[in-house]
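Colleague: I have a model open and would like to learn how to read its features. Could you walk me through a few of them?

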Amino acid sequence: MPVTKKHTILLLLIPPLILAFNFCGDLAPVNSTPVKAADTLVYLNHSPAAEYVGMNTCKLCHQEIYNTFIKTGMGKSFAVATHTKSSADFSRATIYDQNADFHYQAYWQKDSLFMKEFRLNKKDTLHARTEQVNYIIGSGQHTNSHLQVINGYVNQMPMTFYTQKKHWDLPPGFENGLNTRFSRKIGLECMSCHNAYPDLVVGSENKYSSLPSGINCERCHGPGSIHVEQRRTGVSIDTSKYIDYSIVNPAKLSIDAQFDICQRCHLQGNAILKEGKSFYDFKPGQKLSDYISVFLPKYENADNEFIMASHADRLKQSPCFIRSYEKTRNKNVLKPYKEAMTCVTCHNPHVSVKETNANVFNDACVKCHRDTKVGPEHEKRLAKVGCGLHSAKFSNCTGCHMPLSGSVDIPHVTVHDHYIRKPVSAEEKNKIKTFVGLYAVNEKNPDALTRARAYINQYDKFDQNPCYLDSAAQILKQEGDLQKNIYALLQLSFIKQDYSKILSLVNRLGENKCFEQLFVKQSYDNKDGWASYQVGESYFVSGNLAAAIRWFKKSVALVPYNLDFRNKLGSTLAASQNLKEAADQFNFIISENPKYLQAYTNLGYIRLVQGAPEEAVKLYTIGLKLDPDNEALLLNLAGYYAFKNDRTSAKKYLNQVIKKNPANQKAVAALKQMNR
């Protein structure tokens, strides 16, 4: 959950930033069960005892598959920034963000990749900041984006190379004045789909103790430790007759279970975790909706719009899929998956799409459409693409029925629309779309609380349309269980800045003396830490600093590596004149992440109050190199130079604030006073 500028406090001139697995039944004896759609049966690697062994272990027995898989988009999804990993053209690796007035340049210095941010006034450099790129995320089929790691904290950097157009630009989500520069957090939800499972430090949002390189075998087959141990001890299974329950073979699963494996990452959207689950928990062969419900906004007359990773959702809308699914879903026969259309009908997950002959895709179409007839107009259209009649020669079925198109969320990228259908007329494309509501792509009837959380999350992360909050409020109003809904109610009230509502929830649950006992658990989603923070912010806004500090301390204890939480705790301690404890928080932040700007601003203020102005200005200077536009920092520098009777320098910093934000009343009033 992001912390916005709305949730800030003022220290004189400083507004610091706010900010289990089911093991089903008894095990079947080895070699006892005939092959059938088996996702409802027990796989040994669904056990909590099963561990991930890594791709290098798998290749000891599966070298040939490994050799092709590492060339796929999954195998190349994430790696250390090297010349070999990068797909970018560095001959013109510069961009300009006109909203932020920053230039960016990417360049190699021997074997290290760097990104430079700078601002110019004609030919004079007003600001320059250079950071090293540590990882490249993206296979290079569509993009290469760039990540920085500081003491385990992973953030995205402000340049992406779009490989199809060989074009450098801002990353998706950084455009239109939303450039977060070097501070966009890469959390577990993002990392767990673009890479093999990382080791997230518990009590953080984006700090990792280790990062693997690329999506590996076990994301589709499940953890491999039990399988490896069985092979090492001589246990063998004739897989032509029996299922090997030590490892998941997706080809032996039902259609739905196969789709769930792909949908875990190829169903991008508004992902809502089920109670007590994390992005680590789903394993191949399990039901995805038991762990995650993925929501998308539904519109009438918007069939041509889709997001990048919507392959599963689009394919499921296709008549090709629907008809094959209806034929096979109720069958309990040998290998029903062979008769249905799934992702692997066209894609071999072990082989790169770049190395797959185009005939593979056409052959998949011919398998069902060999006798398709066409009219004269269709014949003319087919002749232009060189494929003749449907019943004769095929060369490019996807050109018309899965056309290349841009996605609505990623610029400079084209991808085949996986909604397979007849070409759409221009009239259909130009219809006005109408919002219908959110729907769960992978679950027919999600419960009310899940739906409410989806509406809240849609507003919080994707689209600040008040109708989402209204829908959430209406659903929660109908659900009367306060304790069950408390996290959703707190988040909803926090987003709406209805702090009195949060305090009323505190009082209502406090009557049962259970409120503080609710938020005591650490988890990967940090929901108890966030709840504590939201209560603390509500007490802070009400002016009850003692209660705010108590709750902020609780949030920090639960999420010790959320530096925004610590910064707010330190700011509130300073506002209560507890400068020593406040300084301890800011020093901790700097030791954890020396690029965290607000800690320098706030610690500088404390040093100024403590009578160490020269130390304060050193801290301010470090902060200014990180962000030349931070208003709190510029105001503090203006205050420092006014204290030193250097009116020229003080006015310079005040004018910088006003140039970027003419509505800053503190800067306007201070400058007016100095000009008297």
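Modeller: Happy to! Keep in mind that this is a predicted model. Let's begin with helix α9, residues 358-369: its twelve residues reach 17 Å from the first C-alpha to the last, close to the 16 Å expected at 1.5 Å a residue.

Colleague: Which residues of α9 are buried?

Modeller: Buried means under 20% relative accessible area. In α9, that group consists of Phe361, Asn362, Ala364 and Val366.

Colleague: And what do the buried residues of α9 pack against?

Modeller: Their packing partner is α11, residues 397-401.

Colleague: Which residue caps the N-terminal end of α9?

Modeller: For a cap, look for a side-chain atom paired with the backbone. Here Asn357 does the job, with a side-chain oxygen 2.8 Å from the backbone nitrogen of Asn359.

Colleague: Now a single residue: where is Ser324 placed, and is Ser324 buried or exposed?

Modeller: Ser324 sits in helix α8, which covers residues 319-328. Ser324 counts as buried because its relative accessible area is 11%, and the cut-off for buried is under 20%.

Colleague: What does the side chain of Ser324 reach?

Modeller: The backbone oxygen of Phe321, at 3.0 Å.

Colleague: Zooming out, how many helices and strands are in the chain?

Modeller: The chain holds 26 helices and 17 strands. Of its 676 residues, 50% are buried. As for the surface, the accessible area of the chain is about 33,200 Å², and carbon and sulfur atoms account for 51% of that.

How values were computed. Residues numbered from 1 in each chain as written. Predicted model: local features only at pLDDT ≥ 70, side-chain atom pairs only at ≥ 80, totals over all residues. Heavy atoms only, no water. Helix = DSSP H or I, 4+ residues; strand = E, 2+ residues; numbered from the N terminus. Expected span 1.5 Å × (residues − 1). Buried < 20%, exposed > 50% of the residue type's maximum accessible area, 1.4 Å probe, protein only. Contact = heavy atoms within 4.5 Å. Polar contact = N/O pair within 3.5 Å; in protein donor to acceptor, adjacent residues only side chain to side chain. Areas by Shrake-Rupley, 256 points an atom, 1.4 Å probe, with all protein chains shown as cover.
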